[in-house]
Structure formats: C-alpha cells, structure tokens
Amino acid sequence: MIDVTGTHIWYYFICQRELWLILHQIAADQEDENLDIGRFLSENTYQRNKKEVLIGNIKVDRVRKENGKLVIGEVKKTSRYLESARYQLLYYLDVLRQMGIDATGELLFPEEKKTEVVEWSIEAKQKLDHAISEIQQIAQKPVPAEPEKIKFCNKCAYREYCWAEG
Ligand code: SF4
C-alpha cells in the first residue's frame, strides 16, 4: 500500500497514465521545461507564501474562521483543472475530519475573480474513497494505461515520452 497524497489525487483526475508514471518515479524528458513536477505544480498555484499553514501533514494556502468554523483555502491560478483541485481539497477536508476538525474548503481563483466552495459530504467522500482505492490499484499495475490525448498533454512533462513519433 502506498501513502496516497493530495498530489496523487490531483493527477488521478487529470491523467491516470501520468499518475502511474509519477507513482513509479519514471523520469520525465530531461529537456522538458515542465520536467520539475513540483515547479509545474507551483506555477499552477500561487507562489507559496508566509500565509501557508501546516495542519498535521497538510499544507494549505489560507486558513480562517467563519462563524466558528474553520475554512481552508487553496489559491489556484486557473480553474481549468477544477475537478482535480476540488478532490485534492476534499482530501484535505477528509484528513482534517479524521482529526476531529470539521472544516469547509474554498478554492480561490483571483485572476478569474472566482471562488468555489468545497464541502465534505457522504457522496463526495464515496467518490474520494473510490479514487483512493483506484490509485492503490494503479500503483500495483505493471504497466501504465495507454496514452490518451487530452488538453493537459501540451503541458505535461511526459508528452515526448507519450507522443514522440517512431
Ligand atoms: S502526455 Fe498526456 S497522456 Fe501522456 S502522461 Fe501526460 S497527460 Fe497523460
């Protein structure tokens, strides 16, 4: 069993082939500008700053209280990968819940002047658990899924690996 992280959840909802490659620590194209996945992720979130808060092993961008309830916020540059961002945050909410903390989540997209509220619910938790169990199964697979052309491929560090001719 692997320790599933928020990053795994994020990639699960983007591309399961990429998730497999990350889980198996397959090196991406050395020449690729997106090589550093951490750098890519941080380019797609806002510069981590001093407002970042560590709760257990979860790092969140913003924490505040509203009507006595904890609100944790993730600041994102684009809402293009909304489902991934939503489930990553939901995963954090679920971990907090397991620590006895009932929190609400919000995704902040300042450039788009948008905020999306993410609430823990039984249905969302079921989908999250399903994703986590599939991530565990993907980790066990000997080979990755076949590549499928998606919009994210253009940004992906593995695009040469997946799509190089010949
Ligand atoms: S290039 Fe596309 S198919 Fe290949 S791992 Fe990246 S996102 Fe997935």
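In these legends a residue counts as buried under 20% relative accessible area, as exposed over 50% and as partly exposed in between, using a 1.4 Å probe and protein chains only. The structure is a predicted model, in which local features need pLDDT of at least 70 and side-chain atom pairs count only at pLDDT 80 or more, while totals for chains, interfaces and linings use all residues. Residues are numbered from 1 along each chain as its sequence is written, and side-chain values use heavy atoms, with hydrogens and water left out.

**View 1. Asn67 sits in the loop between strand E3 (62-66) and strand E4.** Helices (H or I, at least four residues) and strands (E, at least two) are DSSP runs, numbered from the N terminus. Asn67 is exposed, with a relative accessibility of 80%. Although Asn67 is not a glycine, its phi is positive, at about 50°. Most residues other than glycine have a negative phi.

**View 2. Strand E5 (residues 103-109) is largely enclosed by the rest of the structure, because 7 of its 7 residues are buried.** On one side of E5 the buried residues are Ala103, Gly105, Leu107 and Phe109, and on the other side Thr104, Glu106 and Leu108 are buried as well, which leaves both faces covered. In a regular strand the side chains alternate between the two faces of the sheet.

**View 3. Strand E5 pairs with strand E4 (residues 69-75) and with strand E6 (residues 114-118).** Two strands are said to pair if DSSP finds at least two bridges between them. E4 and E5 are parallel and are joined over 6 bridges, whereas E5 and E6 run antiparallel and are joined by 5 bridges. Gly105 can be followed across both pairings, since it is the bridge partner of Ile72 and also of Val118 in E6. E4, helix H4 (residues 82-98) and E5 together make a right-handed β-α-β unit, where right-handed means that, with the strands pointing away from the viewer, the path from the first strand over the helix to the second runs clockwise.

**View 4. The turn of the hairpin formed by E5 and E6 contains Lys113.** There are 4 residues between the two strands of this hairpin, and Lys113 lies in the loop that they make between E5 and E6. Lys113 is not a glycine, yet it has a positive phi of about 50°. With a relative accessible area of 77%, Lys113 is exposed.

**View 5. Gln88 belongs to helix H4 and is buried, with a relative accessible area of 9%.** Contact here means heavy atoms within 4.5 Å. When its neighbours within four places in sequence are left aside, Gln88 is in contact with Gly6, Thr7, Ile9, Trp10 and Lys76.

**View 6. Helix H5 (residues 122-140) has its buried residues on the same side, because they cover an arc of only 160° around the axis.** The arc is that of the directions from the helix axis to the C-beta atoms. The buried residues of H5 are Ala124, Lys125, Leu128, Ala131, Ile135, Gln136, Ile138 and Ala139, and what covers them includes helix H1 (6-12), helix H2 (16-23) and H4. On the other side of H5, Glu123, Gln126 and Gln140 are exposed. The 19 residues of H5 reach 27 Å from the first C-alpha to the last, close to the 27 Å expected at 1.5 Å a residue, where the expected span is 1.5 Å times one less than the number of residues.

**View 7. Trp163 lies in helix H6 (residues 159-163) and is partly exposed, at 29% relative accessibility.** Leaving aside its neighbours within four places in sequence, Trp163 is in contact with Pro147, Glu148, Lys149 and Cys153. Trp163 and Lys149 are 14 residues apart in sequence, and their C-alpha atoms are 8.9 Å apart in space. Cys153 is itself buried, at 11% relative accessibility.

**View 8. Cys15 is buried, with a relative accessible area of 18%.** The structure holds 0 disulfides, a disulfide being a pair of cysteine sulfur atoms within 2.5 Å.
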